[in-house]
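Subject: Structure handover and what was found

Dear colleague,

I am passing on the structure we spoke about, so that you can look at it alongside the notes below. Please open it first and then read on.

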Amino acid sequence: MKAYALYKLLAQNERLRSRRHPLFTRNRFTKFFLFFLFAYYAAMLLLLGVALPLEWRGGGVAAMHRLDGAFPYILIVDFWLRFVLQDTPAQRTREYALLPVKRSFLMHTHLLRAALSPGNLFWGFLLVPFAVIGVLPLLGWVGFAGWLLGWWLLFVCNSLFYLLVRALCLKRLLWCLLPVALHLSLALLLNVGGRPLVMPCRELLHGCALWQPLPLLSLAVAAALCYLLNYRVQLPMVRLETAREDTGGEHTHSRLSALGRLGIVGEYLKLELRLRLRNKNPRVTFLAGIGTMVVLALVQYFSDLYDNAFMTSFICLYAYAVLGAVTLLDIMCHEGNYIDCLMVRRESVEWLLRAKYYFNCTLLLLPALVMLPLELQGKQPPLMSLSFMLFTAGCLYPLTFQMAAFNRHTLRLNGGLSAQRGTASRQVASLCVFFGSLGAERLLVLCLGQTGAYLVMSALGVVGIATHRLWIRSVYRRFMLRRHYIMEGFRATRNA
């Protein structure tokens, strides 16, 4: 088979792979929700693309130069959004491991598809209307095309840089510090006195609009270097994605003997700990939740922009709810890989649910420590933090635990975050956890005042904690009534 024909076949397989995913084909709500999100954010970008050049017109600096000087901000946002939307090429080659296709050809195919992906054109909803209003009257159609070409090359470089960082993070998680350090440095250079980075950014894209060879060549060379680095780094990882080699050394694992004193619940607590310590997907999800919580706390600590009542409540709620939400909304999905073993004894699932509850309640001590500097600074009332902690353990956790009777899709223990797909019930529960609870808190504050609202939330949380065995037993009974239907879904999606 010729190279081009094989490339077309691989591209067709990638399109069919996403369309024929069991969760996507069975769930119309997921299709509608994804289409709604796409349309919503596209409309927001279109609105900004029209409003920004009209707002910046006549300010002494051309609108295109003001946007060009801030393009690192757009690239930073684009980079971090890719963590939940894009896999690495090394992860996509596993399906072809047994076929007579060269791994180097597979790597080139997936890298080219990543560079030429339509996702790199999504920001065009912002840039095209902006260029029509702010660039076309100044430079004509030639400048219009050159300016958009320069932006497209920037997104191609950003996409390839993301793939490189993602591949390095799969080897060692400390590589996540590379984009963090780079993006913090760019933000500092864009805001430090004199703003030394703004003028080079403007000159780069203005040169692309004038079709000067040096700016266009510089971006093309940067994209080529990122491409070659990706190829060199990810090609050896293809074998690691398809098989694991034993290093030959002895492995010693902690027996977690202290938890053995808790009896059967202690044994399932060991299972929860080992699930996060030994498997990439739960571990990365857990660390991402902690990172989000810390970033929000740092933003409020060092900035006065989010000191209003709504944002203070949102950050406090998010800090307490995020760790439970990222794990409990997909409760039992990781256990779908070995659900047949758990069902050997009927009581296993009930003990497992109880252990999950104790484990996640213990994790609430982490946001309490993270929120402590904000309380000492006076930006968050201590009673608010206490009430949200109790409300999360006694009201939000019972809500998310209901997902055990609805989830029936298996999540790979060592898969990427982008492999996770939301169902209708999961999306509804997620909205209730974050926005429903925040709305209830604002309503209670409006009716009872802050002190009264937080006392009521604390009381509701204490009731939920005191009755946790009753509602866990209720969830367990519903799970057992639907166990055959649930296990069928786990088996069907186990290798999807």
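Is E350 buried or exposed, and what is its relative accessible area? E350 is buried, because its relative accessible area is 9%, which falls under the 20% cut-off for that term. Its partner in a salt bridge is R354, with the closest N and O atoms 3.6 Å apart, and R354 also counts as buried, at 10% relative accessibility. The two residues, E350 and R354, are four places apart in helix α18, so about one helical turn separates them.

Before going further, please keep in mind that this is a predicted model. The mean pLDDT of the protein chain is 80, and 83% of its residues reach 70 or more, but the confidence is not even along the chain: among the elements, helix α2 (residues 22-26) has the lowest mean pLDDT, 53, while helix α22 (residues 468-481) has the highest, 91. Over residues 244-253 the pLDDT stays under 50, and for this stretch the model has three contacts beyond four places in sequence.

Now to the salt bridges, of which the structure holds eight. As a general point, side chains of opposite charge can pair when their charged atoms come close.

A good residue to follow is E272, which is buried with a relative accessible area of 1%. One salt bridge joins E272 to R276, where the closest N and O atoms are 2.9 Å apart, and R276 is likewise counted as buried, at 10% relative accessibility. Because E272 and R276 sit four residues apart in helix α14 (residues 264-278), the separation between them is about one helical turn.

The side chain of E272 also meets that of K356 in a salt bridge, at 2.7 Å from N to O. Here E272 belongs to helix α14 and K356 to helix α18 (residues 348-363), so this pair ties together parts that lie 84 residues apart in sequence. Both E272 and K356 are buried.

It is worth returning to E350 and R354 for a moment, as their helix, α18, is the one in which K356 lies. E350, as noted above, is buried at 9%. Beyond the individual pairs, salt bridges that share partners join E272, R276, E335 and K356 into one network, and you may like to trace that network in the viewer, starting from E272 and its bridge to R276.

With best wishes

Conventions: Residues numbered from 1 in each chain as written. Heavy atoms only, no water. pLDDT = per-residue confidence, 0-100. Contact = heavy atoms within 4.5 Å. Salt bridge = Lys/Arg side-chain N within 4 Å of Asp/Glu carboxyl O. Buried < 20%, exposed > 50% of the residue type's maximum accessible area, 1.4 Å probe, protein only.
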